[in-house]
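Welcome! Please take a look at the protein below, and then we will walk through some of its parts together.

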Amino acid sequence: LFRSAGIAAIVVGRDGRLSGPRLIAALTDGITSAGVDAIDIGMVPTPVVYFATVLTGCGSGVAVTGSHNPPEYNGLKMMLGGATLYGDGIRSLYDEIVDPGFAARLGGIARGKVVQRDVTGEYLAKILGDVRLARPMKIAIDCGNGVAGGLAPQLFRALGVEVDGLYTEVDGPFPNHHPDPAHPENLEDVVKR
């Protein structure tokens, strides 16, 4: 699908779930077997994947993430040429993959390559170039052992904020509480802090 749209490379990234490394390996194998390069940006929050699709100019990416679902779930958030792939687009992609002639259509295609690229410095620089605090701040931040823990404290400290971090170590089973802030029970520790 990406190759037929003239897209030569796709950004891939993942969250901190335990299934992430296995899924990203299968994803990059599938992408490269279809003759498209995979730009692997590692374990990052989904917005960093979106940023990297613009930074690299490919406009396309896949984030392996369970988002706000429980730790045993995982999935894909996909962009194709700057647009989100969803609904009927995902169903069409599925139909093409399960079509018996799919593998034959890939025959003779030169395999793409996997390129490792760290974009977090450029992501932070972009934000730091746009944001200025009006006054000094001290915050408590609870990352719930989610993937944001690897970046959010660093970002706030770079902005000059005094950070009191809770559960900032990325840990896929979310041993302290689920990182979804939409549920009040997940905010109890930060409220107490």
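This report goes from the whole chain to its pockets, a pair of strands, a pair of rings and a few single residues.

## The whole chain

Keep in mind from the start that this is a predicted model. The chain has 193 residues, and 38% of them count as buried. Along the way it forms 7 helices and 8 strands. If you draw a box around the C-alpha atoms along the principal axes, its sides come to roughly 60 × 35 × 25 Å.

## The largest pocket

How can we find empty space in a protein? Rolling a probe the size of a water molecule over the atoms shows where empty space is left. In this model, the largest pocket holds about 730 Å³ of space. It is lined by 24 residues, and those closest to its centre are Phe 2, Gly 30, Leu 93, Ile 97 and Phe 102.

Which elements give two or more residues to this lining? They are helix 1 (20-33), strand 4 (76-80), helix 3 (88-98) and helix 4 (102-106). Helix 1 gives the most, with 6 residues. Sorted by class, the lining of the largest pocket has 18 nonpolar, 3 polar and 3 charged residues.

## The second largest pocket

The second largest pocket contains about 570 Å³ of space. Its lining is made of 26 residues, and His 68, Gly 146, Ala 148, Pro 179 and Pro 181 lie nearest its centre.

Helix 2 and strand 7 (138-142) each supply at least two residues of this lining. By class, the residues around the second largest pocket are 12 nonpolar, 9 polar and 5 charged. Both of these elements come back below, helix 2 with an aromatic ring and strand 7 with a strand partner.

## Strand 7 and its partner

Try following the side chains along strand 7, one after another. They alternate: Ile 139 and Ile 141 point to one face and are buried, while Lys 138, Ala 140 and Asp 142 point to the other face and are not buried.

Strand 7 pairs with strand 8 (residues 162-166) in the parallel sense, over 5 bridges. Within this pair, Ile 139 stands opposite Val 163 in strand 8. How does the chain get from strand 7 to strand 8? It crosses through helix 6 (residues 152-158), and this β-α-β crossover is right-handed.

## A pair of aromatic rings

The model has 1 aromatic pair by the rule used here. The rings belong to Phe 51 and Tyr 123; their centres are 5.4 Å apart and their planes stand at 75°, so the pair is edge-to-face. For that name, the planes must be over 60 degrees apart.

Why does this pair tie together parts that are 72 residues apart in sequence? Phe 51 lies in helix 2 (residues 46-55) and Tyr 123 in helix 5 (residues 120-130), so the pair joins these parts. Are the two residues buried or exposed? Phe 51 is buried, with a relative accessible area of 18%, and Tyr 123 is buried too, at 17%.

## Two residues with a positive phi

Most residues other than glycine have a negative phi. Against that background, look at Asn 145, with a positive phi near 65°. Asn 145 sits in the loop between strand 7 and helix 6, and it counts as buried because its relative accessibility is 3%.

Tyr 167 also has a positive phi, near 50°. You will find Tyr 167 in the loop between strand 8 and helix 7 (188-192). With a relative accessible area of 23%, Tyr 167 is partly exposed.

## Distances along the chain and in space

Two residue pairs let you set separation in sequence beside separation in space. Val 62 lies in strand 3 (residues 61-64) and is buried, with a relative accessible area of 2%. Val 62 and His 183 are 121 residues apart in sequence, and their C-alpha atoms are 27 Å apart.

The other pair begins with Lys 192, which has its place in helix 7. Lys 192 counts as exposed, at 69% relative accessibility. Between Lys 192 and Ala 140 there are 9.9 Å, C-alpha to C-alpha, and the two are 52 residues apart along the chain. Ala 140 is one of the strand 7 residues that you met earlier.

Key:
Residues numbered from 1 in each chain as written. Predicted model: local features only at pLDDT ≥ 70, side-chain atom pairs only at ≥ 80, totals over all residues. Heavy atoms only, no water. Phe/Tyr/Trp six-rings, centres within 6.5 Å; stacked < 30°, edge-to-face > 60°. Helix = DSSP H or I, 4+ residues; strand = E, 2+ residues; numbered from the N terminus. Buried < 20%, exposed > 50% of the residue type's maximum accessible area, 1.4 Å probe, protein only. 1 Å grid on protein atoms, 1.4 Å probe; cavity = no way out; pocket = protein on both sides within 12 Å on 5 of 7 lines; lining within 4 Å. Points joined across faces, edges and corners; volume = space filled by probe spheres on them. Nonpolar A, V, L, I, M, F, W, Y, C, P; charged D, E, K, R; others polar. Pairing = 2+ DSSP bridges. Right-handed = clockwise from strand over helix to strand, strands pointing away.
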